Amino acid sequence: ENSRLEGKVAGNAVAVQTNHIKTELFAEKMNQIRPKLKKQSGFGNLLGDLFAVKPGLLSIAQNDTLICRCEEICKSEISAAIASGCENVTWVKRMTRGGMGMCQGRTCGRIVSQLIVQQTGKSPDQVYPDTTRPPLRPIPLEALEQ
């Protein structure tokens with residue numbers, strides 16, 4: 001639902017910028033979409049909090065514990081990347097592929113952030129999260145020719 005609403009926002013923004021709809025109609029549509037989008041964002045934040053790694057859980061993780069289940073990247077690989085100088089989630093992702101799977105780091109991103117904090121001594125607000133991207137699916141080349 002959230003993606004659909006964000007798509008409507010983007011579509012309406014393009015429509016107003018290209019003069020296909022008037023600014024007043026755009027404002028009216030946004031007034032209808034904003035409450036729904038806010039409700040969906042709240043739900044997403046709740047899920048993020050529910051599935052966040054609880055304090056102390058990382059202390060029992062072994063070197064062979066999978067951190068990124070999608071790409072099967074274990075704690076030792078992520079720790080090695082951090083030790084080599086990766087100071088944010090994006091750098092770790094580039095060095096290990098952790099966060100490049102189907103979930104796009106939505107599952108392991110917070111864990112990687114916590115490992116960076118733990119290993120570097122940085123505060124959590126100094127460890128930048130990765131930029132999330134929607135999961136992509138391959139399409140046939142013929143679909144682009146239309």
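This report walks through the helices, a surface patch, the salt bridges and some backbone angles of the structure above.

## About the model

The model is predicted, so to speak of local features a pLDDT of at least 70 is needed and side-chain atom pairs count only at pLDDT 80 or more, while totals for chains, interfaces and linings use all residues. Residues are numbered from 1 along each chain as its sequence is written, and side-chain values use heavy atoms, with hydrogens and water left out.

## Helix H1 and its buried face

Let's start at helix H1, residues 2-17. Helices (H or I, at least four residues) and strands (E, at least two) are DSSP runs, numbered from the N terminus. The 16 residues of H1 should span 22 Å at 1.5 Å a residue, and the end C-alpha atoms are 23 Å apart, which agrees. Here the expected span is 1.5 Å times one less than the number of residues in the helix.

Which residues of H1 are buried? They are Leu5, Asn12, Ala15 and Val16. Buried means under 20% relative accessible area, exposed means over 50%, and partly exposed is in between (1.4 Å probe, protein chains only). Seen down the axis of H1, the buried residues fall within an arc of 95°, so they line one face of the helix. The arc is that of the directions from the helix axis to the C-beta atoms. On the other side of H1, Ser3 and Gln17 are exposed. The cover over the buried residues of H1 includes helix H2 (23-50), where cover rests on contact, meaning heavy atoms within 4.5 Å.

## A nonpolar patch

Phe43, Leu46, Leu47, Leu50 and Phe51 make a nonpolar surface patch of about 550 Å². Patches are made of residues with over 30% relative accessible area and no salt bridge; like charges are joined within 9 Å, and nonpolar side chains (Val, Leu, Ile, Met, Phe, Trp, Tyr) within 5 Å. The accessible areas come from the Shrake-Rupley method with a 1.4 Å probe, and for residues only the protein chains shown count as cover. One of the patch residues, Phe43, lies in helix H2 and is partly exposed, with a relative accessible area of 47%.

## Helix H3 and Ile78

Helix H3 (residues 75-83) has Lys75, Ile78, Ser79, Ala81 and Ile82 as its buried residues. Viewed down the axis of H3, these residues fall within an arc of 160°, so they line one face of the helix. What covers them includes strand E1 (66-68), strand E2 (73-74), helix H4 (89-96) and helix H5 (109-120).

Ile78 is a handy residue to click on in H3. Ile78 is buried, with a relative accessible area of 0%. What is Ile78 in contact with, leaving aside its neighbours within four places in sequence? The partners are Ile67, Ile73, Val92, Thr96, Val112 and Leu115. As for Val89, it is 11 residues from Ile78 in sequence and 9.9 Å away in space, C-alpha to C-alpha.

## Two salt bridges

How many salt bridges does the structure hold? There are two, a salt bridge being a side-chain nitrogen of Lys or Arg within 4 Å of a carboxyl oxygen of Asp or Glu. In one, the side chains of Arg97 and Glu71 meet at 3.2 Å, N to O. Arg97 lies in the loop between H4 and H5 and Glu71 in the loop between E1 and E2, so the pair ties together parts that are 26 residues apart in sequence. Arg97 is partly exposed at 43% relative accessibility, and Glu71 is partly exposed at 25%.

The side chains of Lys122 and Glu87 also meet in a salt bridge, at 3.2 Å, N to O. This pair links distant parts of the chain, with Lys122 in the segment after H5 and Glu87 in the loop between H3 and H4, 35 residues apart. Lys122 is partly exposed, with a relative accessible area of 22%, and Glu87 is partly exposed too, at 36%.

## Positive phi angles

Most residues other than glycine have a negative phi. Glu72 is not a glycine, yet its phi is positive, about 55°. Glu72 sits in the loop between E1 and E2 and counts as exposed at 60% relative accessibility. Arg97, met above in a salt bridge with Glu71, has a positive phi near 75°.

Positive phi values also follow two of the helices. After H1 comes Asn19, with a positive phi near 60°, and after H3 comes Gly85, with a positive phi near 120°.
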